[in-house]
Amino acid sequence: MSHTPYPRPDAPSARGRQPVFEAGSFRRGDGVVLGIYVVLFIFGAASLLALIPGFMGAFKDADSAQFAVNLIMYALVFTGVMIVAFEALRVSFATFKYHTWLKVLMIPGGWLGSLIISAIVLTAMGNPIKSENQLAIEAMTRSVPFLTMFVVTALMGPLVEEYIFRHLLIGKLSRKLNVWVCVGISVVLFASLHFIGAGSFDLTSAIPYLMLGIMMSVAYVLTGKSLAYSYMFHVFNNSVALILSYTLLPLLPQ
């Protein structure tokens with residue numbers, strides 16, 4: 001029987017402290033999923049779908065077509081993540097057995113804190129503008145039904161990103177580097193991801209992603225490298241943003 005690097009969810013912890021959910025070593029399955037992610041998201045191979053005869057014409061507008069491409073990308077990588085990291089996700093939900101209410105309340109609390117800090121920094125810097133990524137999502141909300149967008153943006157996307165930026169870049173990489181060095185790498189790459197393909201970079205646009213990346217990375221480490229906790233944090237953030245986009249944006253002048 002193969003050895004699993006993840007502690008049992010009911011495993012007792014030393015002196016009543018929460019267990020550390022060690023991510024284990026980098027495995028072949030991780031390499032496959034990471035490779036697919038890089039090819040699709042970093043190099044934009046999924047955009048080749050637009051070259052298929054009739055693909056673009058199957059959708060009512062360009063935003064719907066772009067969402068379809070995103071759906072295919074996320075569905076593919078999400079499936080891969082569930083195959084290689086389901087056990088890590090399942091077991092790490094045990095972090096909620098320790099300081100339960102504190103951890104539950106820190107999800108909205110941490111989210112609000114990152115929002116407030118971002119607002120303060122942006123106000124000090126002046127001229128805050130939206131990133132191309134945020135503008136693209138807002139455009140899609142006018143063409144894509146809420147439930148469909150929710151599945152991709154609030155359920156699939158967060159798991160894919162938490163697996164890459166927390167589970168791999170902090171959990172597994174910290175076997176080789178200091179964990180806080182890994183946090184720095186994770187935060188920078190997480191923020192940079194949202195500007196790939198935009199053709200430009202603006203620091204004020206990156207501030208919210210940097211703050212969110214810091215908050216989720218710190219939460220991941222402090223909860224014993226719990227993939228489940230950082231995932232729930234990310235789900236909460238994206239769910240709130242999505243609900244606001246569908247309820248408030250239509251009320252604002254175009």
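Modeller: Let's start with a term: helices here are DSSP runs of at least four residues, numbered from the N terminus. Keep in mind that this is a predicted model.

Biologist: Thanks! Which helix gives the largest share of the nonpolar patch?

Modeller: That is helix H5, residues 146–172, which supplies 4 residues. The patch covers about 400 Å² of surface and is made by Phe146, Leu147, Val151, Leu155 and Ile243.

Biologist: Is Leu155, in helix H5, buried or partly exposed?

Modeller: The general idea is that a residue counts as buried under 20% relative accessible area and as exposed over 50%, with partly exposed in between. Leu155 has a relative accessible area of 31%, so it is partly exposed.

Biologist: Now the rings. How many aromatic pairs does a search of the whole structure find?

Modeller: The search finds 9. To read one, look at the angle between the ring planes: under 30 degrees is stacked, over 60 is edge-to-face, and the rest are tilted. Take Phe146 and Phe150: their ring centres are 5.8 Å apart and their planes stand at 35 degrees, so this pair is tilted.

Biologist: Where do Phe146 and Phe150 sit relative to each other along helix H5?

Modeller: They are 4 residues apart, so about one helical turn separates them. Phe146 is partly exposed at 33% relative accessible area, and Phe150 is partly exposed too, at 21%.

Biologist: And what kind of aromatic pair do Phe165 and Phe190 form?

Modeller: An edge-to-face one, with 5.6 Å from centre to centre and 80 degrees between the planes. Phe165 belongs to helix H5 and Phe190 to helix H6 (residues 179–193), so the pair ties together parts that lie 25 residues apart in sequence. Both of these residues are buried.

Biologist: Which residues form one aromatic cluster with Phe165 and Phe190?

Modeller: Tyr37, Phe41 and Tyr74 join them in that cluster. Phe190 has a charged partner as well: the charged end of Arg166 sits over its ring, 4.9 Å from the centre.

Biologist: One last residue, Met232. Which helix is it found in, and what does it touch?

Modeller: Met232 is in helix H8, residues 227–247. Leaving aside residues up to four places away in sequence, Met232 touches Phe93, Phe96 and Ile107. Sequence distance and spatial distance can be read side by side here: Met232 and Val104 are 128 residues apart in sequence, with 9.5 Å between their C-alpha atoms. Even with those contacts, Met232 counts as partly exposed, at 30% relative accessibility.

Methods: Residues are numbered from 1 along each chain as its sequence is written. This is a predicted model: local features need pLDDT of at least 70, side-chain atom pairs count only at pLDDT 80 or more; totals for chains, interfaces and linings use all residues. Side-chain values use heavy atoms; hydrogens and water are left out. Patches are made of residues with over 30% relative accessible area and no salt bridge: like charges are joined within 9 Å, nonpolar side chains (Val, Leu, Ile, Met, Phe, Trp, Tyr) within 5 Å. Accessible areas come from the Shrake-Rupley method with a 1.4 Å probe; for residues, only the protein chains shown count as cover. A salt bridge is a side-chain nitrogen of Lys or Arg within 4 Å of a carboxyl oxygen of Asp or Glu. Helices (H or I, at least four residues) and strands (E, at least two) are DSSP runs, numbered from the N terminus. Buried means under 20% relative accessible area, exposed over 50%, partly exposed in between (1.4 Å probe, protein chains only). Rings of Phe, Tyr and Trp (its six-membered ring) pair if their centres lie within 6.5 Å; planes under 30 degrees apart count as stacked, over 60 as edge-to-face and the rest as tilted. A charge sits over a ring if NZ of Lys or CZ of Arg is within 6 Å of the ring centre and within 35 degrees of the ring normal. Contact means heavy atoms within 4.5 Å.
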